[in-house]
Amino acid sequence: MSMAPVKKKVLVVDDDKSLTLTVEGLLTNHGYSALVAHDGLDAMVKVRESNPDLIILDIMMPEINGYDVCSNLKFDERFKHIPIIVLTSREQELDSRIGQLMGIDYMHKPIDSKVLLEKIQAALK
């Protein structure tokens with residue numbers, strides 16, 4: 001009996017509900033299992049509960065912002081291996097340099113589905 005490939009779990013974190021719905025649909029249509037969190041606090045809980053294979057993370061959010069979520073995860077032995085793709089509407093040189101140092105990929109909003117899928121596939125290789 002051949003086993004079906006295990007679906008990769010992707011956690012989408014953004015306080016913009018229409019964006020999370022769009023990304024969730026994109027993920028499910030391409031065979032991924034999608035989880036959603038709408039703020040940084042919720043994200044930290046979901047990461048601990050589900051240990052996702054990848055996190056797609058907004059920066060500007062209520063409660064805990066994306067940078068704090070990143071640093072919490074990257075300095076935690078249990079979760080630092082999880083690749084993170086940051087979605088941001090901010091364009092600052094400093095942001096991407098910090099991202100590269102922490103092993104985080106960046107993508108600017110509005111999202112381009114094709115580019116996002118390529119980044120997801122690359123991150124999960």
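Let me start with a word I'll need right away: a residue is buried if its relative accessible area is under 20%, exposed if over 50%, and partly exposed in between, using a 1.4 Å probe and protein chains only. By that yardstick, buried residues make up 42% of the 125 residues in this chain.

A bit of housekeeping, friends. This is a predicted model, where local features need pLDDT of at least 70 and side-chain atom pairs count only at pLDDT 80 or more, while totals for chains, interfaces and linings use all residues. Residues are numbered from 1 along each chain as its sequence is written, and side-chain values use heavy atoms, with hydrogens and water left out.

Now the layout. Helices (H or I, at least four residues) and strands (E, at least two) are DSSP runs, numbered from the N terminus. The chain has five of each, and from the N terminus on they run β-α-β-α-β-α-β-α-β-α.

How are the strands ordered in the sheet? The five strands form an open sheet in the order 2-1-3-4-5, with parallel pairing; two strands pair if DSSP finds at least two bridges between them. Strand 2 (33-37) and strand 5 (104-108) each have a single partner strand, so these two are the edges, with one side left without a neighbour in the sheet. On average, neighbouring strands are turned by 20° against each other, direction ignored. For angles, axes are lines fitted to C-alpha atoms, for helices over the stretch in contact, and values run from 0 to 180 degrees between N-to-C directions.

Let's zoom in on one pair. Strand 1 (residues 9-13) is joined to strand 2 by five bridges, and the two run parallel. Within that pair, Val10 stands opposite Ala34. Helix 2 (residues 40-50) packs on the sheet and touches strand 1, strand 2 and strand 3, making about 145° with the direction of strand 2. Contact here means heavy atoms within 4.5 Å. Helix 1 (residues 17-29) lies across strand 1, strand 2, strand 3 (54-58) and strand 4 (84-88), at about 165° to strand 2.

Helix 1 also has a helical partner. It packs with helix 5 (residues 113-123) at about 60°, their axes 11 Å apart. Which residues meet there? Val23, Leu26 and Leu27 in helix 1 meet Ser113, Leu116, Leu117 and Ile120 in helix 5.

One last number: among contacts between residues at least 6 apart in sequence, 63% join residues at least 24 apart.
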